[in-house]
Amino acid sequence: MKVLVLGLDGAPFRLWDELCREMPTLRKLKDEGAYGILESTIPSLSLLAWPVFYTGKNPGKIGIFVTKLEKETLSDVKLPTSRDVKSEAFWDVLGDYGKKVGVVNIPVTYPAWKVNGFMITGFLTPFGAKDFTYPPSLKDEIPDYIIDLEILTEDKKLPDRDFDREKVLSRQYEITRKRKEVCLRLIKRYSPDFFVVNFKGVDNVQHIYWDVPEKIMEFFRFMDGIIKEFLEVCSPEYVFIMSDHGFHPRSTKYFYINRWLELNGYLRRKVSLKARISNLTYVVGIKVVEWFPFIRNLVPERAKRKVVVEGMRERIDWEHTLAYADWHRGIYINRSLPEERRRALVKEIVEKMREARDPETGEKIFQRILTKEEAFSGPYTDMLPDIIWLPSEGYRINANLYPSLTSPRLDAMHTTGEHMADPRGIWVMHGKNVKRERMDAKIQDLAPTILALMGVPVPEDMDGEIPDAFTEPLKVEYVKRERKEKGEFGYTEKEEEELEKRLKGLGYL
Ligand SMILES: [Zn+2]
């Protein structure tokens, strides 16, 4: 094998010293190679970070930004499928140049597509889905293979307070062990030149056990044993260990960004009766959930979304609104304003956001704020927000119009860790001529690096850059690629509901 990539989903750089102490195989690779922070996307979410990893491109070129990018914002949120990612994966390029590839459990690869080798899809694959392997016949050979924890979707029957995390943890060990076995079996059979697998369990375990460091380290030690087994079976020329974002304690407060825009004079609320009722429904809903937390699990996602997202359209006086924030995306400036005015507003709002503080504690709400020009480029830039943010740890940015600026956070009460405010993942690269030094990189840098290591030309529109990590410079060729359409594909309503439940279970939505 030429290149092996092992993903430890959400392995945080902040635990680097502990990881190196507890994981002898990781430490050895690090001692003999290049390593450091792998900087994720903003927001730091798997379902954005992994498509950026596998395309080597920013969201402006791939056409998704957390959710599917559609013209209208503040509309029904659609989760992305692999077909919504409007760019090829670097392993498609490898395949075109005759390299055999194996791809397992990478988020946002469902439905699977044709590759020169094999593929099993990952995170955001609906339960019971059929199109989760390439070749399609592969699924018959792995009848008991499980992509992700199903326990989190049973929330409906499971009030947060009854969440049995011991059970979830032992299930996660089982799923991970099984995944490793299937991977090693397929590697032996197909002998791919390139293989990548992501262990999503690392992320799940940290979400539920962040408050018990020993449980987390135990899982990392278990992962170190798995890394060792892969190295023995594959003997790769180059190996990458990487993660797609960091981790930190669960945020405990909502910050109401649209309320903040309103207080600063950028957003106007409608005063009609309908709008007031819509507002009241939300505020009462929040209070009810505060008193009876399990109620939120009884209401279907679709109904909640109706009150929360679609209701927002009713509550805003669009004619007098200069800027508003959309869920997980960022701030949009009113499109009907002249270009110059919009630019001025971006500048003004960014400056104010830098100073935005929690009225109760005085803490800063945002760590980093980026404008569209700083964050994105490419054909889909138009649909992306004008301003995006990285929140401070402790705050979940909420787009609802609430009477106050902050309130206690109510969702995903059974989780103790999250990663929205920590983009610092890890990476290690080990192999011939690799410098032995600390070197930070960005998640989009791995795609061109892997292509170059495999002697395959790099698509010229990739945003990633090859790090200066080799004692002898890599020979890199660039190539212009034709865009291939993968065709349309959407989740069914039932699948969408189930996937959203799972995302909520992890505290993502
Ligand atoms: Zn992740």
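**Notes on the two-domain model**

1. Starting with the overall layout: the chain splits into domain 1 (3-237 + 418-429 + 444-505) and domain 2 (253-411). Between the C-alpha centres of domain 1 and domain 2 there are 30 Å. Keep in mind that this is a predicted model.

2. Next, the sheet. Nine strands make it up, and it is open, with mixed pairing. Reading across, the order is E7-E6-E5-E8-E1-E9-E19-E2-E20. Strand E7 (133-134) sits at one edge and strand E20 (441-442) at the other, each with a pairing on one side only.

3. If you want a register to check, try strand E1 (residues 3-8) against strand E8 (residues 194-199): they pair in the parallel sense, over six bridges. Within that pair, Val 5 has Val 196 of E8 as its bridge partner.

4. Two helices are worth viewing against these strands. Helix H2 (residues 24-31) packs on the sheet, where it touches strand E2 (34-39), strand E9 (238-242) and strand E19 (424-431). The direction of H2 makes about 70 degrees with that of E19. H7, for its part, lies across strand E5 (101-106), strand E6 (117-121) and E8. Relative to E5, H7 runs at about 170 degrees.

5. H7 also has a helix partner. The axes of helix H7 (residues 165-190) and helix H8 (residues 201-209) come within 10 Å, crossing at roughly 170 degrees. Angles over 145 degrees count as roughly antiparallel, so H7 is roughly antiparallel to H8. On the H7 side, the contact is made by Arg 165, Val 168, Leu 169, Gln 172, Ile 175 and Thr 176. H8 contributes Gly 201, Asn 204, Val 205, Ile 208 and Tyr 209. Sorted by class, this contact of H7 with H8 has six nonpolar, four polar and one charged residues.

6. Last, a residue to zoom in on: Tyr 395, in strand E16 (residues 395-398). Is Tyr 395 buried or exposed? Tyr 395 counts as buried because 25 other C-beta atoms lie within 10 Å, and the cut-off is 20 or more. Leaving out residues up to four places away in sequence, Tyr 395 touches Ser 251, Lys 253, Phe 255 and Ile 365. As for Glu 363, it is 32 residues from Tyr 395 along the chain, and 10.0 Å separate the two C-alpha atoms.

Notes:
Residues are numbered from 1 along each chain as its sequence is written. This is a predicted model: local features need pLDDT of at least 70, side-chain atom pairs count only at pLDDT 80 or more; totals for chains, interfaces and linings use all residues. Axes are lines fitted to C-alpha atoms, for helices over the stretch in contact, and angles run from 0 to 180 degrees between N-to-C directions. Helices (H or I, at least four residues) and strands (E, at least two) are DSSP runs, numbered from the N terminus. Angles under 35 degrees count as roughly parallel, over 145 as roughly antiparallel, 65 to 115 as roughly perpendicular and the rest as oblique. Two residues are in contact if their C-beta atoms, placed from the backbone, lie within 7 Å. Ala, Val, Leu, Ile, Met, Phe, Trp, Tyr, Cys and Pro count as nonpolar, Asp, Glu, Lys and Arg as charged, and the others, Gly among them, as polar. Two strands pair if DSSP finds at least two bridges between them. A residue is buried if 20 or more other C-beta atoms lie within 10 Å of its own, exposed if 12 or fewer, and partly exposed in between; C-beta atoms are placed from the backbone. Domain bounds come from an automatic or database domain assignment.
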